[in-house]
Amino acid sequence: MTQIKAAITAVHGNLPDYILTNKELEQMVDTSDEWISTRTGIRERRILKGEGLGTSDMGAKAVSGLLEKRGVDPSEVDMVLCATVTPDMKFPAAANLISHKAGIKNAFSYDMNAACSGFLYALVTAANYVESGNYKKVVVVGADKMSSIVDYTDRQTCVLFGDAACAVLLEPTQEDVGVLDHKFATDGAGWIHLHMKAGGSLKPPSHETVDAREHYIYQEGQPVFKFAVTKMADASLDVMKNNNLSTGDVSWLVPHQANMRIIEATGRRMNIPAEKVMVNIHKYGNTTNATIPLCLWDYENQLNKGDNIILTAFGGGFTWGAIWLKWAY
Ligand code: ACO
């Protein structure tokens, strides 16, 4: 019997309208367009403005657009997984709210949190459900309203992040396409370099934690930078080696979009030419769980059935990994 594989059959994103430019950031903190562009590659990022709007609003729009694009009725969806670090509330899961807002009633849904690696972890988790043969239409959405946890007085972090959501549909196939292999890892000792100090069970919210600005991203940029550069390339090369893929076999490298210098260094370490590396960080910044599907969405017209694609990410945790997939359409 031919093994069932999970193929991405559609991708669709949602970007808030508001564009926060480097010039505007110059008015908010002591920075410059020149510093941000040369040190990060980011020129602008999107921000979700408006009362009462959270991650699930972007996620639901991405999912509704996805289903419409593929001609799938919401009632046909079996499962929705949302990768996020900024759910609307601590509970219920953003995935539950996304399903509700997108009119999905016959599915079960939950969130996964692996910081910037979350979309990759969710994609493999979802692929396993599809490969079991019991699930025919599974949605994976990466969505983050990073502006809700960014300290706009901290110039080291506020220039990096943006808001967005992007979703993919996974369906079973017996062709030689889809999610084929992965290599994931976690090192919890890395928590010290990248975390949010308060708001969890360790340090519940209080007047003191708010006054100390502890509900924002805390990041030591340089250790994260060094870690990212080696781990994304190593995980990608491991997956390639395990599957006898040479550099020439890889059609596209899709790295998490955190810093243009990290993206370039990863490509260099892997010997992948720049024209095969997907980049959109200049437009959106680091949208955490949305960066990788947003790249696929942006480059969708350039993809061909059978293309070998390596997705790779790293993030808070530390978490990191790489996936090998073959494009299915
Ligand atoms: N504008 C102007 N100057 C700045 C800014 C800014 N926005 N930010 C920092 N600087 C200054 C620093 O204060 C420092 O000044 P000093 O030399 O006088 O002390 C100087 O620039 C250099 O600072 P570095 O921290 O060495 O700058 P670096 O080149 O490392 O860039 C950055 C900082 C962009 C944060 C980089 O370290 C980075 O991208 N790290 C990785 C971050 C990342 O990828 N995180 C993703 C994970 S997110 C997640 O998982 C949720």
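## Exercises on a predicted model

Ala62 is buried, with a relative accessible area of 0%; buried means under 20% relative accessible area, exposed over 50% and partly exposed in between, with a 1.4 Å probe and the protein chains only. The model is predicted, so to speak on paper: local features need pLDDT of at least 70 and side-chain atom pairs count only at pLDDT 80 or more, while totals for chains, interfaces and linings use all residues. Residues are numbered from 1 along each chain as its sequence is written, and side-chain values use heavy atoms, with hydrogens and water left out.

### Exercise 1: Ala62

Find the helix that holds Ala62, and list the residues that Ala62 touches.

Step 1. Ala62 sits in helix α3, residues 55-70. Helices (H or I, at least four residues) and strands (E, at least two) are DSSP runs, numbered from the N terminus.

Step 2. Leaving aside residues up to four places away in sequence, Ala62 touches His12, Gly13, Asn14, Ala165, Cys166 and Ala167. Contact here means heavy atoms within 4.5 Å.

Step 3. For a distance check, pick the C-alpha atoms of Ala62 and Ser236: they are separated by 28 Å, with the two positions 174 residues apart along the chain.

### Exercise 2: The buried side of α2

Which residues of helix α2 are buried, and what covers them?

Step 1. In α2 (residues 33-40), the buried residues are Ile36, Ser37 and Thr40. They lie on the same side of α2, because they cover an arc of only 105° around the axis. The arc is that of the directions from the helix axis to the C-beta atoms.

Step 2. The cover over these buried residues includes α1 (22-28), β3 (44-47), α9 (260-270) and α10 (281-284).

Step 3. Now step past the helix end: Gly41, just after α2, has a positive phi of about 85°.

### Exercise 3: Around the ligand

How many residues surround the ligand, and which helix gives the most to the shell?

Step 1. The ligand is surrounded by 26 residues, and the closest are Thr31, Arg155, Gln219, Gln222 and Asn259. A residue counts as near a molecule if one of its heavy atoms lies within 4 Å of it.

Step 2. Sort the shell by element. At least two residues each come from α2, α6 (155-158), α8 (221-242), α9 and β12 (308-315). Helix α8 gives the most, with four residues.

Step 3. Sort the shell by residue type: 12 are nonpolar, 10 polar and four charged. Ala, Val, Leu, Ile, Met, Phe, Trp, Tyr, Cys and Pro count as nonpolar, Asp, Glu, Lys and Arg as charged, and the others, Gly among them, as polar.

Step 4. Look at atom pairs. A polar side-chain atom of Arg39 is 2.9 Å from a ligand oxygen atom. For Gln219, a polar side-chain atom lies 2.8 Å from a nitrogen atom of the ligand. An N or O atom in the side chain of Asn259 is 2.7 Å from an oxygen atom of the ligand. Taken alone, the ligand exposes 1000 Å², and the protein buries 76% of that. These areas come from the Shrake-Rupley method with a 1.4 Å probe.

### Exercise 4: Val239 and Thr86

Place Val239 and Thr86 in the fold, then describe their contacts.

Step 1. Val239 is found in helix α8 and is buried, at 1% relative accessible area. Beyond four places away in sequence, Val239 touches His182, Lys183, Ile310, Ala322 and Trp324.

Step 2. Thr86 lies in the loop between β4 (79-83) and α4 (94-101); Thr86 is buried too, at 5%. Its partners beyond four places in sequence include Thr55, Met146 and Ile149.

Step 3. The side chains of Thr86 and Asp144 are joined by a polar contact of 2.6 Å. A polar contact is a pair of N or O atoms within 3.5 Å; within protein, one must be able to donate a hydrogen and the other to accept it, and residues adjacent in sequence count only if both atoms are side-chain atoms.

### Exercise 5: Unusual backbone

Which peptide bonds are cis, and where is Asn244?

Step 1. Recall the background: most residues other than glycine have a negative phi, and most peptide bonds are trans.

Step 2. The bond from Phe91 to Pro92 is cis, with omega near 0°. Another cis bond joins Gly317 and Phe318, with omega about -10°.

Step 3. Asn244, in the loop between α8 and β11 (252-255), has a positive phi of about 55° and is exposed at 70% relative accessibility.
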